[in-house]
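Here is a short report on a protein model. It covers confidence, surface charge and backbone geometry.

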Amino acid sequence: EEEMRPGFNAANSSDDDEEVAPKFQQSKTSVATAAGFGGQRNVMGAALAMAKGGGDIGKWERHTTGIGSKLMKSMGYKEGMGLGKNLQGISTPVEANKRKGKGAIGFYGSERSERSIIDFPGHDSDEEAKQKFEEQLHHWRKSGDSNKKVKYLYKSAEEVIKEGRNKRVRLIDDSHISKHKVIDMTGPETRVLSSYHAITGQKSLVDSFEEARRKKYDKFDVPELIHNVQMLLEMSEEDIIKNARRKEQETNRMVHIKHEKDKLDQIILKEEKELNTLDKALILLEKLETRHLDKALTLQEAGQIFSTLHEDYREIYIGYELSYLGPHYLTALFKDVLATWNPLAKPTQHQHFIRYWQELLEGTASQTNTLDQPMDPYHQLLYDTWFSAVRSAILGPWEPRDCGPLIALIEAWQQPLIPVWLTSTILQQVVLPRLTKAVHEWNPLVDAVPIHTWLHPWLPHLSDHMHAIYPVIRQKLAAALVQWHPSDRSAKLVVAPWGGVFSEVSMNAFLQTSIQPPLEKILTELVINPHAQNLQPWCWFRDWEDLIPVTSQLNILERCFFPRWFQALGAWLSSSPVHTEVVAWYKGWRDLIPKRIVDHPQIQQKFQRALEVCRRALSFQSGAGDHFGQLLSKLAEAPPPPPPGSPPPPENKPSGKAVAASNSSVASSMDEASIQTLRDVTERECNERGILFVPLPDRTHNGRPVYRCGQRQVAFHKNLIYANTETGWMPTSLHVLLDEA
């Protein structure tokens, strides 16, 4: 049986946001109907009895065949369940229920029996409709489902903050760009987006409003109001997110400020400690200043104050460069101590207290290299005190010829006690001028002390700065050797020590102009007598063999000795001497040749020529040819001997005229070679010094060419240089010429 009655729809709302507006419809109530099979009453009774449940179901069938229960079970009935398709049939017969009062139906509430309420706990449709209607009255909009309760979604501030961590908060009005269509071709498929906001997954205000308008609300359809409420909600969420971010920033800032505060607290503590230390150091400095102003400060007291500052207040001592106060307070005290010091007599005195102040003052100042940086305080103190004392001693009682005490003083006060620059200043600005003055005053003819004995000890200290006085020394030596004779062997004692001091070119030039001419003269005057030979001049010549260059010795022998030696040999061979005496004479002279040049090819050629002359001249003597042949074979460059019995070449006969002519031609050629050598030396020296040296055409002096050497006109004759001066052509030395040019 179906009953039609009005009521609110109780269907559930759809899953989407659209709600169905309330409307009327007919509800259905199913009523169980018992059907009888074959009109038999026992079936109805059995059904009712089975529907009641309980333990007495079907007891009465024991008096019958039990067909009713069997038929019910065959149709799907289950014991204890209701009848009907959905098991909604009642199992209790209709019961009468007495109303409490005389009111209308339903006035006193439900009139259902207790058993009916147990079997069907649901409410009556009228009561349910009434209850839902009353609930609908409390809502200002229509509801689509009477059974659906409005679900409110709550979000806490923490949830909003958590969701908004990566959310970009909209800060500007973007309506002017919200209506542009955007085609996104960055992905595998082309997308058409409504605005730029859709690229990042956000919606613009206009899009959200249009979407809200298109939504259909069955119970409450006010899109503008819904949009505004949604905007308020979003703005609230954005405010929460902004405030959370601002809170996080402020928290981080507070942490940073706390760290800064801790740092500043530490700085304050450190500065307070430094202030206390500064106050203590300032007390010491005030004491030092007071004692200095009262002129009561002693060196010991100043040392105690500086030592305390250096040890106990080292950071302040170095940071504020207190060591620069040393020269101000200590200069006068140092001068008082050094006033009685004799550096030449006691060179190591006062080193202990100088070293003590070096530890306190040196190296404690700033090490930055700037042009305006003041001098190190220790160096300044030494320059104002120690340097003054040493300079006074050098300029006063010191005698340059007595160099020992001053050299001992310089070597005693070396680095690190004395800086290098201060030692160099003493040597170059104080010692060297005194030495230069002494050299100019030195006279080698009168002074009994050789100059090298008091100049050479300074070479380790001033070797690079004494080149200016070397020309003066050579000039004075050359002047002293003008009248020198090689028999005076004291000249070598004066000249020899300068062999390794002067440059090679300067020494050779000096020897050529001052030593070689007298040696050439004695060799030229040497009488060569095979029977009674005087070798004294030859020994004088050999005294200089270690100083005179090899080329010069060869030139001297070529021009001054061998021509006369061959002449004497020829004269002796003309008298047909015994060949053994000639061999002994030859060996004697060969052993007298200086060892530096005896193996020189030029000397070997001379001896080879002499042996060949002797062999041809004495070939008639028995054994003479073989004897001279053996001597020739010992010479490295000796030519093969001629065949036996062959006459000697006529041009090589040792006649007196031939030997004399040969000697004359050799002397002439060697004279030209000597001139050429001296001229080459002069030209090389001029080129090194940038002095013009060129020949003057059509100008001669005594038949010799004239050259322009700077501002001078010069000519060369043998080993002499002649310069054209105001008084005429005068001989001069190479160094004087270079200085005047």
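In this predicted model, residues 366-370 keep a pLDDT under 50 throughout. For that stretch the model has three contacts beyond four places in sequence. Residues 636-676 also have a pLDDT below 50. Beyond near neighbours in sequence, that stretch has 45 contacts in the model.

For the protein, the average pLDDT is 77. A score of at least 70 is reached by 71% of the residues. Among the elements, the extremes of mean pLDDT are both helices:

| Helix | Residues | Mean pLDDT |
|---|---|---|
| α1 (lowest) | 41-52 | 46 |
| α22 (highest) | 536-542 | 93 |

Next, the surface. Which residues gather in a patch of negative charge? They are Glu-271, Glu-272, Glu-274 and Glu-315. Helix α7, residues 223-293, gives the largest share of this negative patch, with three residues. Glu-315 belongs to helix α9, which covers residues 314-319.

Two backbone details deserve a look. Glu-321 is not a glycine, yet its phi is positive, at about 50°. Glu-321 sits in the loop between α9 and α10, the latter spanning 326-338.

The other detail is a peptide bond. Gln-415 and Pro-416 are joined in the cis form, with omega at about 10°. Where does Pro-416 lie? Pro-416 is in the loop between α14 and α15. Helix α14 covers 404-412, and α15 covers 420-441.

Key. Residues are numbered from 1 along each chain as its sequence is written. This is a predicted model: local features need pLDDT of at least 70, side-chain atom pairs count only at pLDDT 80 or more; totals for chains, interfaces and linings use all residues. Side-chain values use heavy atoms; hydrogens and water are left out. pLDDT is the predictor's confidence in each residue, from 0 to 100. Helices (H or I, at least four residues) and strands (E, at least two) are DSSP runs, numbered from the N terminus. Contact means heavy atoms within 4.5 Å. Patches are made of residues with over 30% relative accessible area and no salt bridge: like charges are joined within 9 Å, nonpolar side chains (Val, Leu, Ile, Met, Phe, Trp, Tyr) within 5 Å. Accessible areas come from the Shrake-Rupley method with a 1.4 Å probe; for residues, only the protein chains shown count as cover. A salt bridge is a side-chain nitrogen of Lys or Arg within 4 Å of a carboxyl oxygen of Asp or Glu. Lys and Arg count as positive and Asp and Glu as negative; His and the chain ends are not counted. The place of a charge is taken as NZ of Lys, CZ of Arg, CG of Asp or CD of Glu.
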